[in-house]
Amino acid sequence: MKPTRSSKEEALTHRRPQFRVETTLSARASQRPKPGPRFPYGRHLFDEREIEAAREALLDRRLSGGERTARFEEAFARLVGAPFACFVNSGSSANLLAAAALVAAEGENALRPGDEVVVPALSFPTTANAFLFQGLSIVLADVRRDTLTIDAATVAPCLGRRTRALSVLHTLGNPCEMESLLALARDRRLVVLEDACEALGTTWRGRAAGTFGALGTYSFYPAHQITTGEGGCVVGADPALVPALHSLRDWGRDCPCERCASAGKGDRRAPLPGDWDRHFLYTHRGFNLKALDLQAAIGLAQIEKFPRFRAARKANFARLRGWFAEREDLFAPTRTPPGGDPCWFAFPVVLREGRLSRPGLLRFLADRGVETRPLLAGNLARQPGFSGAKIRIPAPLPEAEHLVRNGFFVGLHPGLSSEDIDAMLRAFGDFVDRGGAARPDHLPAISRRRSMRRAATRSKE
(Lines give C-alpha, C1' and ligand atoms only; values in the text may rest on other atoms or scores of the structure.)
Protein backbone atom coordinates (compact mmCIF):
# COMPACT_ATOMS: atom_id res chain seq x y z
CA MET A 1 0.00 0.00 0.00
CA LYS A 2 1.33 3.40 -0.92
CA PRO A 3 1.97 5.48 2.23
CA THR A 4 -0.06 8.66 2.54
CA ARG A 5 1.57 12.01 3.20
CA SER A 6 0.40 14.55 5.70
CA SER A 7 -1.54 17.56 4.51
CA LYS A 8 1.36 19.76 5.62
CA GLU A 9 3.81 17.84 3.47
CA GLU A 10 1.40 17.95 0.53
CA ALA A 11 1.15 21.72 0.92
CA LEU A 12 4.90 22.15 1.23
CA THR A 13 5.69 20.12 -1.87
CA HIS A 14 2.78 21.23 -4.05
CA ARG A 15 4.80 23.82 -5.96
CA ARG A 16 8.18 22.14 -5.68
CA PRO A 17 10.09 19.29 -7.32
CA GLN A 18 9.35 15.96 -5.67
CA PHE A 19 12.08 14.33 -3.65
CA ARG A 20 12.29 11.56 -1.10
CA VAL A 21 13.13 12.24 2.54
CA GLU A 22 14.16 9.44 4.88
CA THR A 23 12.35 9.85 8.19
CA THR A 24 13.90 6.94 10.10
CA LEU A 25 17.40 5.79 10.78
CA SER A 26 16.72 2.12 10.02
CA ALA A 27 17.34 2.48 6.29
CA ARG A 28 20.87 3.67 6.98
CA ALA A 29 21.73 1.20 9.73
CA SER A 30 23.94 -0.89 7.44
CA GLN A 31 25.93 2.24 6.52
CA ARG A 32 26.80 3.25 10.06
CA PRO A 33 30.49 3.45 10.89
CA LYS A 34 32.08 0.82 13.10
CA PRO A 35 31.36 1.38 16.76
CA GLY A 36 33.91 3.47 18.65
CA PRO A 37 34.80 3.32 22.34
CA ARG A 38 32.20 1.71 24.57
CA PHE A 39 32.20 4.77 26.82
CA PRO A 40 32.99 7.81 24.64
CA TYR A 41 33.78 11.16 26.20
CA GLY A 42 30.87 12.73 24.29
CA ARG A 43 27.88 11.66 22.27
CA HIS A 44 25.20 13.54 20.37
CA LEU A 45 21.68 12.58 21.46
CA PHE A 46 18.73 13.07 19.15
CA ASP A 47 15.57 11.25 18.15
CA GLU A 48 12.61 11.59 15.79
CA ARG A 49 11.90 15.13 17.02
CA GLU A 50 15.17 16.48 15.64
CA ILE A 51 14.80 14.36 12.49
CA GLU A 52 11.30 15.71 11.88
CA ALA A 53 12.45 19.29 12.56
CA ALA A 54 15.29 18.89 10.07
CA ARG A 55 12.93 17.27 7.56
CA GLU A 56 10.51 20.20 7.75
CA ALA A 57 13.38 22.63 7.28
CA LEU A 58 14.48 20.76 4.17
CA LEU A 59 10.93 20.70 2.82
CA ASP A 60 10.79 24.47 3.22
CA ARG A 61 13.73 24.59 0.78
CA ARG A 62 15.50 27.26 2.84
CA LEU A 63 18.97 25.98 3.75
CA SER A 64 20.77 29.17 4.73
CA GLY A 65 19.76 31.17 7.78
CA GLY A 66 16.10 32.18 7.82
CA GLU A 67 13.07 32.22 10.08
CA ARG A 68 14.22 29.24 12.16
CA THR A 69 17.58 30.89 12.75
CA ALA A 70 15.84 33.98 14.15
CA ARG A 71 13.64 31.81 16.38
CA PHE A 72 16.63 29.82 17.62
CA GLU A 73 18.55 33.01 18.44
CA GLU A 74 15.58 34.30 20.44
CA ALA A 75 15.10 30.98 22.25
CA PHE A 76 18.79 30.66 23.09
CA ALA A 77 18.98 34.24 24.37
CA ARG A 78 16.02 33.46 26.67
CA LEU A 79 17.67 30.22 27.82
CA VAL A 80 20.81 31.98 29.07
CA GLY A 81 19.16 35.27 30.02
CA ALA A 82 20.94 37.43 27.45
CA PRO A 83 19.38 40.35 25.52
CA PHE A 84 20.50 38.93 22.16
CA ALA A 85 22.23 35.98 20.51
CA CYS A 86 23.93 35.59 17.14
CA PHE A 87 23.95 32.03 15.72
CA VAL A 88 27.10 30.93 13.87
CA ASN A 89 28.58 27.75 12.42
CA SER A 90 30.81 26.73 15.38
CA GLY A 91 31.98 27.74 18.82
CA SER A 92 35.38 28.62 17.35
CA SER A 93 33.62 30.92 14.88
CA ALA A 94 31.76 32.46 17.82
CA ASN A 95 35.12 33.31 19.42
CA LEU A 96 36.43 34.73 16.14
CA LEU A 97 33.29 36.79 15.63
CA ALA A 98 33.34 38.17 19.20
CA ALA A 99 36.95 39.33 18.86
CA ALA A 100 36.30 40.84 15.42
CA ALA A 101 33.21 42.68 16.66
CA LEU A 102 35.16 44.31 19.48
CA VAL A 103 37.90 45.40 17.08
CA ALA A 104 35.18 46.91 14.87
CA ALA A 105 33.41 48.52 17.85
CA GLU A 106 33.55 52.10 19.05
CA GLY A 107 33.47 53.29 22.64
CA GLU A 108 34.47 51.60 25.89
CA ASN A 109 34.37 48.04 24.50
CA ALA A 110 36.59 48.79 21.52
CA LEU A 111 39.84 46.91 20.99
CA ARG A 112 42.52 47.85 18.48
CA PRO A 113 45.31 45.87 16.79
CA GLY A 114 48.32 45.79 19.08
CA ASP A 115 46.22 45.69 22.25
CA GLU A 116 46.84 42.82 24.67
CA VAL A 117 44.30 40.27 25.90
CA VAL A 118 44.97 38.14 28.98
CA VAL A 119 44.07 34.49 28.27
CA PRO A 120 44.35 31.41 30.53
CA ALA A 121 47.33 29.25 29.61
CA LEU A 122 45.16 26.15 29.95
CA SER A 123 42.59 26.69 27.24
CA PHE A 124 41.45 25.68 23.76
CA PRO A 125 43.47 26.97 20.77
CA THR A 126 40.66 29.03 19.25
CA THR A 127 40.15 30.86 22.54
CA ALA A 128 43.49 32.53 21.82
CA ASN A 129 43.50 32.33 18.01
CA ALA A 130 40.46 34.58 17.80
CA PHE A 131 42.51 37.47 19.16
CA LEU A 132 45.70 36.71 17.25
CA PHE A 133 43.77 36.71 13.97
CA GLN A 134 42.63 40.28 14.74
CA GLY A 135 46.17 41.58 15.23
CA LEU A 136 45.89 41.50 19.02
CA SER A 137 48.52 40.07 21.35
CA ILE A 138 47.83 37.56 24.10
CA VAL A 139 49.30 37.30 27.57
CA LEU A 140 49.16 33.91 29.26
CA ALA A 141 48.01 33.77 32.88
CA ASP A 142 48.19 30.66 35.02
CA VAL A 143 45.21 28.66 36.24
CA ARG A 144 44.27 27.01 39.51
CA ARG A 145 44.83 23.28 39.55
CA ASP A 146 41.81 22.74 41.82
CA THR A 147 39.34 24.60 39.55
CA LEU A 148 41.13 24.35 36.16
CA THR A 149 40.12 27.99 35.55
CA ILE A 150 42.11 31.22 35.33
CA ASP A 151 43.61 32.35 38.64
CA ALA A 152 42.80 35.99 39.39
CA ALA A 153 46.01 36.25 41.44
CA THR A 154 48.08 35.56 38.32
CA VAL A 155 46.20 38.06 36.15
CA ALA A 156 47.48 41.23 37.85
CA PRO A 157 51.16 40.52 37.02
CA CYS A 158 50.11 40.04 33.38
CA LEU A 159 48.74 43.56 33.01
CA GLY A 160 50.83 45.98 31.03
CA ARG A 161 50.52 49.32 29.29
CA ARG A 162 48.76 47.78 26.27
CA THR A 163 46.49 45.33 28.13
CA ARG A 164 42.87 46.10 27.25
CA ALA A 165 40.92 42.87 27.72
CA LEU A 166 40.54 39.75 29.84
CA SER A 167 39.28 36.50 28.31
CA VAL A 168 38.06 33.87 30.76
CA LEU A 169 37.27 30.22 30.02
CA HIS A 170 34.78 28.23 32.09
CA THR A 171 36.86 25.08 31.71
CA LEU A 172 34.86 21.87 31.18
CA GLY A 173 31.82 23.75 32.47
CA ASN A 174 33.34 24.75 35.83
CA PRO A 175 32.61 28.45 36.39
CA CYS A 176 35.40 30.91 36.98
CA GLU A 177 35.48 32.80 40.25
CA MET A 178 33.92 35.85 38.64
CA GLU A 179 33.82 38.25 41.59
CA SER A 180 37.57 38.86 41.79
CA LEU A 181 37.97 38.77 38.01
CA LEU A 182 35.21 41.32 37.41
CA ALA A 183 36.56 43.55 40.20
CA LEU A 184 40.01 43.49 38.63
CA ALA A 185 38.51 44.26 35.22
CA ARG A 186 36.60 47.24 36.62
CA ASP A 187 39.69 48.61 38.38
CA ARG A 188 41.83 48.35 35.24
CA ARG A 189 39.00 49.14 32.76
CA LEU A 190 39.41 45.83 30.94
CA VAL A 191 36.89 44.45 28.47
CA VAL A 192 35.77 41.00 29.66
CA LEU A 193 35.00 38.18 27.21
CA GLU A 194 33.73 34.78 28.33
CA ASP A 195 34.39 31.53 26.53
CA ALA A 196 31.45 29.45 27.76
CA CYS A 197 31.67 26.97 24.89
CA GLU A 198 31.78 24.07 27.37
CA ALA A 199 29.54 25.67 29.96
CA LEU A 200 25.96 25.91 28.74
CA GLY A 201 23.79 25.48 31.83
CA THR A 202 26.54 26.60 34.22
CA THR A 203 25.69 29.45 36.56
CA TRP A 204 27.53 31.59 39.06
CA ARG A 205 25.35 33.14 41.75
CA GLY A 206 22.28 32.28 39.71
CA ARG A 207 23.45 33.96 36.51
CA ALA A 208 24.45 32.05 33.38
CA ALA A 209 28.12 31.69 32.57
CA GLY A 210 28.75 33.64 29.39
CA THR A 211 26.56 36.63 30.35
CA PHE A 212 28.94 38.57 32.63
CA GLY A 213 31.25 40.06 30.04
CA ALA A 214 30.81 42.31 27.03
CA LEU A 215 30.35 39.17 24.92
CA GLY A 216 30.10 35.47 25.66
CA THR A 217 30.44 32.46 23.37
CA TYR A 218 28.94 28.95 23.27
CA SER A 219 29.50 25.82 21.21
CA PHE A 220 26.96 23.28 19.94
CA TYR A 221 29.49 20.67 18.86
CA PRO A 222 28.06 17.11 19.12
CA ALA A 223 29.78 16.38 22.44
CA HIS A 224 28.48 19.54 24.12
CA GLN A 225 25.45 20.15 26.31
CA ILE A 226 23.19 20.63 23.28
CA THR A 227 24.10 20.18 19.64
CA THR A 228 23.20 21.50 16.23
CA GLY A 229 25.79 19.19 14.63
CA GLU A 230 28.26 22.03 14.38
CA GLY A 231 27.30 25.47 15.59
CA GLY A 232 27.85 28.20 18.14
CA CYS A 233 26.46 31.46 19.48
CA VAL A 234 27.65 34.87 20.57
CA VAL A 235 25.59 36.57 23.28
CA GLY A 236 25.93 40.02 24.77
CA ALA A 237 24.27 42.85 26.60
CA ASP A 238 25.23 45.86 24.46
CA PRO A 239 22.78 46.26 21.54
CA ALA A 240 25.29 48.55 19.82
CA LEU A 241 27.36 45.44 19.04
CA VAL A 242 24.54 43.65 17.19
CA PRO A 243 25.07 45.30 13.78
CA ALA A 244 28.79 44.51 13.80
CA LEU A 245 28.15 40.90 14.83
CA HIS A 246 25.58 40.33 12.07
CA SER A 247 27.61 42.18 9.47
CA LEU A 248 30.87 40.39 10.21
CA ARG A 249 29.09 37.02 10.26
CA ASP A 250 27.42 37.71 6.89
CA TRP A 251 30.41 38.67 4.66
CA GLY A 252 30.62 42.17 6.16
CA ARG A 253 27.45 43.42 4.52
CA ASP A 254 25.40 46.21 6.05
CA CYS A 255 22.73 44.09 7.70
CA PRO A 256 19.25 45.35 6.77
CA CYS A 257 17.35 43.44 9.49
CA GLU A 258 15.13 45.31 11.93
CA ARG A 259 17.38 44.65 14.93
CA CYS A 260 20.45 46.13 13.26
CA ALA A 261 18.52 49.06 11.81
CA SER A 262 17.03 49.87 15.23
CA ALA A 263 20.51 49.91 16.76
CA GLY A 264 21.11 53.15 14.85
CA LYS A 265 24.04 52.01 12.76
CA GLY A 266 22.78 53.60 9.53
CA ASP A 267 24.06 52.61 6.14
CA ARG A 268 27.07 54.14 4.45
CA ARG A 269 26.56 54.10 0.69
CA ALA A 270 29.04 56.75 -0.43
CA PRO A 271 30.83 56.63 -2.79
CA LEU A 272 28.42 54.03 -4.26
CA PRO A 273 25.42 55.10 -6.38
CA GLY A 274 22.35 56.12 -4.45
CA ASP A 275 20.30 53.25 -5.86
CA TRP A 276 22.84 50.62 -4.73
CA ASP A 277 21.20 47.46 -3.32
CA ARG A 278 21.79 47.50 0.44
CA HIS A 279 22.19 43.72 0.45
CA PHE A 280 25.43 44.29 -1.45
CA LEU A 281 26.69 47.13 0.72
CA TYR A 282 29.74 45.98 2.72
CA THR A 283 30.66 48.04 5.76
CA HIS A 284 33.14 45.59 7.33
CA ARG A 285 35.79 43.17 6.14
CA GLY A 286 33.78 40.17 7.24
CA PHE A 287 33.51 36.41 6.98
CA ASN A 288 30.92 33.79 6.14
CA LEU A 289 30.20 32.22 9.53
CA LYS A 290 26.50 31.55 9.02
CA ALA A 291 24.85 28.37 10.25
CA LEU A 292 22.06 26.56 8.40
CA ASP A 293 18.36 26.94 9.07
CA LEU A 294 18.32 23.15 9.33
CA GLN A 295 20.78 23.41 12.25
CA ALA A 296 18.57 26.00 13.93
CA ALA A 297 15.61 23.62 13.60
CA ILE A 298 17.60 20.90 15.36
CA GLY A 299 18.72 23.40 17.99
CA LEU A 300 15.14 24.37 18.83
CA ALA A 301 14.34 20.71 19.54
CA GLN A 302 17.51 20.37 21.63
CA ILE A 303 16.66 23.41 23.76
CA GLU A 304 13.39 21.71 24.75
CA LYS A 305 15.37 18.70 25.97
CA PHE A 306 18.11 20.68 27.68
CA PRO A 307 16.69 20.52 31.26
CA ARG A 308 16.76 16.71 31.06
CA PHE A 309 20.27 16.73 29.57
CA ARG A 310 21.49 19.02 32.35
CA ALA A 311 19.99 16.88 35.09
CA ALA A 312 21.63 13.74 33.65
CA ARG A 313 25.04 15.39 33.46
CA LYS A 314 24.79 16.57 37.07
CA ALA A 315 23.74 13.10 38.25
CA ASN A 316 26.60 11.39 36.39
CA PHE A 317 29.09 13.91 37.76
CA ALA A 318 27.88 13.24 41.30
CA ARG A 319 28.34 9.48 40.83
CA LEU A 320 31.87 9.91 39.54
CA ARG A 321 32.80 12.52 42.12
CA GLY A 322 31.67 10.28 44.98
CA TRP A 323 34.00 7.47 43.90
CA PHE A 324 37.03 9.72 43.41
CA ALA A 325 36.37 11.54 46.71
CA GLU A 326 37.14 8.29 48.55
CA ARG A 327 40.54 8.06 46.84
CA GLU A 328 41.95 11.55 47.24
CA ASP A 329 45.33 10.07 48.10
CA LEU A 330 45.58 9.17 44.40
CA PHE A 331 43.31 11.69 42.67
CA ALA A 332 43.20 15.42 43.40
CA PRO A 333 39.63 16.75 43.69
CA THR A 334 38.30 19.52 41.47
CA ARG A 335 36.64 22.40 43.32
CA THR A 336 33.84 24.70 42.19
CA PRO A 337 34.06 28.32 43.43
CA PRO A 338 31.46 29.31 46.04
CA GLY A 339 28.27 30.40 44.30
CA GLY A 340 28.99 28.26 41.25
CA ASP A 341 26.63 25.62 39.88
CA PRO A 342 28.35 23.83 36.99
CA CYS A 343 26.80 21.88 34.16
CA TRP A 344 29.85 19.75 33.48
CA PHE A 345 30.95 19.06 29.94
CA ALA A 346 33.19 16.19 31.10
CA PHE A 347 34.71 14.77 34.29
CA PRO A 348 38.26 15.98 35.02
CA VAL A 349 40.74 13.52 36.48
CA VAL A 350 43.90 14.96 38.05
CA LEU A 351 46.43 12.48 39.40
CA ARG A 352 48.47 13.15 42.51
CA GLU A 353 52.02 13.75 41.34
CA GLY A 354 54.01 10.52 41.21
CA ARG A 355 51.30 8.22 42.63
CA LEU A 356 49.93 6.61 39.46
CA SER A 357 51.28 6.10 35.96
CA ARG A 358 49.21 8.28 33.66
CA PRO A 359 50.41 6.54 30.45
CA GLY A 360 49.59 3.18 32.00
CA LEU A 361 46.19 4.35 33.22
CA LEU A 362 45.26 5.84 29.84
CA ARG A 363 46.20 2.61 28.06
CA PHE A 364 44.27 0.54 30.60
CA LEU A 365 41.15 2.70 30.25
CA ALA A 366 41.36 2.55 26.46
CA ASP A 367 41.50 -1.25 26.62
CA ARG A 368 38.31 -1.16 28.72
CA GLY A 369 36.56 1.08 26.20
CA VAL A 370 36.80 4.27 28.30
CA GLU A 371 37.65 7.18 26.01
CA THR A 372 39.86 9.92 27.45
CA ARG A 373 41.05 13.32 26.32
CA PRO A 374 43.80 15.66 27.62
CA LEU A 375 42.73 18.87 29.33
CA LEU A 376 42.08 20.87 26.15
CA ALA A 377 45.37 22.10 24.65
CA GLY A 378 47.19 21.96 27.97
CA ASN A 379 49.60 24.86 28.25
CA LEU A 380 49.22 26.85 25.01
CA ALA A 381 52.86 27.93 25.26
CA ARG A 382 53.86 24.31 24.56
CA GLN A 383 51.83 24.00 21.35
CA PRO A 384 53.99 24.26 18.20
CA GLY A 385 51.32 26.22 16.35
CA PHE A 386 51.83 29.15 18.71
CA SER A 387 55.57 29.37 18.13
CA GLY A 388 56.38 32.86 16.96
CA ALA A 389 52.90 34.22 17.80
CA LYS A 390 52.37 37.49 19.63
CA ILE A 391 52.41 35.89 23.08
CA ARG A 392 53.80 37.33 26.29
CA ILE A 393 54.43 35.07 29.30
CA PRO A 394 55.35 37.32 32.21
CA ALA A 395 55.69 34.56 34.82
CA PRO A 396 56.12 30.77 35.03
CA LEU A 397 52.98 28.66 34.62
CA PRO A 398 53.46 25.88 37.19
CA GLU A 399 49.78 25.00 37.62
CA ALA A 400 49.13 24.65 33.90
CA GLU A 401 52.29 22.54 33.68
CA HIS A 402 51.05 20.32 36.52
CA LEU A 403 47.79 19.73 34.68
CA VAL A 404 49.65 18.98 31.44
CA ARG A 405 51.51 16.19 33.24
CA ASN A 406 48.72 14.84 35.42
CA GLY A 407 45.31 15.73 34.00
CA PHE A 408 42.80 14.31 31.53
CA PHE A 409 39.04 13.90 31.33
CA VAL A 410 36.40 11.23 30.75
CA GLY A 411 32.78 11.47 29.69
CA LEU A 412 29.66 12.04 31.79
CA HIS A 413 27.17 12.87 29.04
CA PRO A 414 23.48 11.85 29.22
CA GLY A 415 24.11 8.91 26.90
CA LEU A 416 25.92 7.12 29.74
CA SER A 417 23.66 5.02 31.95
CA SER A 418 24.21 4.18 35.62
CA GLU A 419 25.58 0.82 34.50
CA ASP A 420 28.00 2.60 32.16
CA ILE A 421 29.27 4.81 34.96
CA ASP A 422 29.72 1.72 37.16
CA ALA A 423 31.75 0.02 34.41
CA MET A 424 33.95 3.09 33.98
CA LEU A 425 34.62 3.24 37.70
CA ARG A 426 35.43 -0.49 37.79
CA ALA A 427 38.07 0.17 35.15
CA PHE A 428 39.69 2.83 37.34
CA GLY A 429 39.40 0.58 40.39
CA ASP A 430 40.93 -2.41 38.62
CA PHE A 431 43.91 -0.34 37.54
CA VAL A 432 44.50 0.83 41.10
CA ASP A 433 44.01 -2.68 42.52
CA ARG A 434 46.48 -4.15 40.04
CA GLY A 435 49.18 -1.81 41.27
CA GLY A 436 49.12 1.03 38.77
CA ALA A 437 51.84 2.93 40.61
CA ALA A 438 54.03 5.28 38.61
CA ARG A 439 57.33 3.76 37.49
CA PRO A 440 60.50 5.81 38.06
CA ASP A 441 60.58 6.90 34.38
CA HIS A 442 57.15 8.51 34.82
CA LEU A 443 58.10 10.49 37.93
CA PRO A 444 59.29 14.09 37.87
CA ALA A 445 63.06 14.49 37.89
CA ILE A 446 63.35 15.22 41.60
CA SER A 447 61.17 12.21 42.54
CA ARG A 448 63.19 10.02 40.15
CA ARG A 449 66.41 11.01 41.89
CA ARG A 450 64.90 10.24 45.31
CA SER A 451 63.71 6.85 44.04
CA MET A 452 67.20 6.04 42.76
CA ARG A 453 68.78 7.08 46.06
CA ARG A 454 66.37 4.87 48.02
CA ALA A 455 67.13 1.95 45.72
CA ALA A 456 70.88 2.49 46.16
CA THR A 457 70.49 2.63 49.96
CA ARG A 458 68.50 -0.63 49.96
CA SER A 459 71.14 -2.34 47.80
CA LYS A 460 73.88 -1.39 50.32
CA GLU A 461 71.86 -2.87 53.13
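**View 1. Helix α12 and its packing partners.** In this predicted model, the buried residues of α12 pack against β12 (347-351), α11 and β15 (407-410). Helix α12 itself covers residues 398-406, and its buried residues are A400, E401, H402, L403 and N406. If you are picking out side chains for this close-up, those five names in α12 are a good place to begin.

**View 2. Where helix α11 meets helix α13.** Helix α11 (residues 358-367) and helix α13 (residues 418-433) have axes that come within 10 Å and cross at roughly 135 degrees. An angle over 145 degrees would count as roughly antiparallel and one of 65 to 115 as roughly perpendicular, so α11 is oblique to α13. The crossing of these two helices is right-handed. On the α11 side, G360, L361, F364 and L365 make the contact, and on the α13 side the residues are A427, F428, D430 and F431. Sorted by character, the residues of this contact are six nonpolar, one polar and one charged.

**View 3. The eight-stranded sheet from edge to edge.** Following the order β1-β9-β8-β5-β4-β2-β3-β14 takes you through an open sheet of eight strands with mixed pairing. The edge strands are β1 (84-88) and β14 (391-392), and each of them pairs on one side only. Within this sheet, β4 (residues 163-169) and β5 (residues 191-195) are joined by five bridges in the parallel sense. To line up these two strands by eye, look for V168, which stands opposite E194 in β5. As a reminder for this view, strands of a sheet pair through backbone hydrogen bonds, either parallel or antiparallel.

**View 4. Strand β9 and its two neighbours.** Here we look at β9 (232-236). How many of the residues of β9 are buried? Five of the five are, so β9 is largely enclosed by the rest of the structure. G232, V234 and G236 point one way from the strand, while C233 and V235 point the other way, and all are buried. β9 pairs with β1 in the antiparallel sense over five bridges, and F84 has G236 of β9 as its bridge partner. The pairing of β9 with β8 is antiparallel over five bridges, with T217 partnered by V234 of β9.

**View 5. Two helices lying across the sheet strands.** Helix α3 (residues 67-80) lies across β1, β8 (215-219) and β9, and runs at about 130 degrees to β1. Helix α5 (residues 125-132) lies across β2 (116-120), β3 (137-141), β4 and β5. The angle between α5 and β2 is about 175 degrees.

**View 6. The three-stranded sheet.** This open sheet has the order β7-β6-β11, with antiparallel pairing. β7 (207-208) and β11 (340-341) stand at its edges, each with a single partner strand, so one side of each is left without a neighbour in the sheet. Strand β6 (residues 203-204) and β7 are joined by two bridges and run antiparallel. T203 stands opposite A208 in β7, a handy pair for orienting yourself.

**View 7. Two residues of helix α10.** Helix α10 (residues 293-325) holds Q302, and R321 lies in α10 too. Is Q302 buried or exposed? Its relative accessible area is 2%, so Q302 is buried. Leaving aside neighbours within four places in sequence, Q302 is in contact with L45, F46, E50, I226, T227 and F309. R321 has a relative accessible area of 21%, and so R321 is partly exposed. With neighbours within four places in sequence again left aside, R321 is in contact with E328, P333, T334 and F347. The C-alpha atoms of R321 and V349 are 9.8 Å apart in space, with their positions 28 residues apart in sequence.

**View 8. Stepping back to the protein chain.** To set the close-ups in context, the secondary structure of the protein chain comes to 14 helices and 15 strands. Of its 461 residues, 51% count as buried. Among contacts between residues at least 6 apart in sequence, 74% join residues at least 24 apart.

Notes
Residues numbered from 1 in each chain as written. Predicted model: local features only at pLDDT ≥ 70, side-chain atom pairs only at ≥ 80, totals over all residues. Heavy atoms only, no water. Axes fitted to C-alpha atoms, helices over the stretch in contact; angles between N-to-C directions. Helix = DSSP H or I, 4+ residues; strand = E, 2+ residues; numbered from the N terminus. Parallel < 35°, antiparallel > 145°, perpendicular 65-115°, else oblique. Left-handed = near helix turned anticlockwise from the far one by under 90°. Contact = heavy atoms within 4.5 Å. Nonpolar A, V, L, I, M, F, W, Y, C, P; charged D, E, K, R; others polar. Pairing = 2+ DSSP bridges. Buried < 20%, exposed > 50% of the residue type's maximum accessible area, 1.4 Å probe, protein only.
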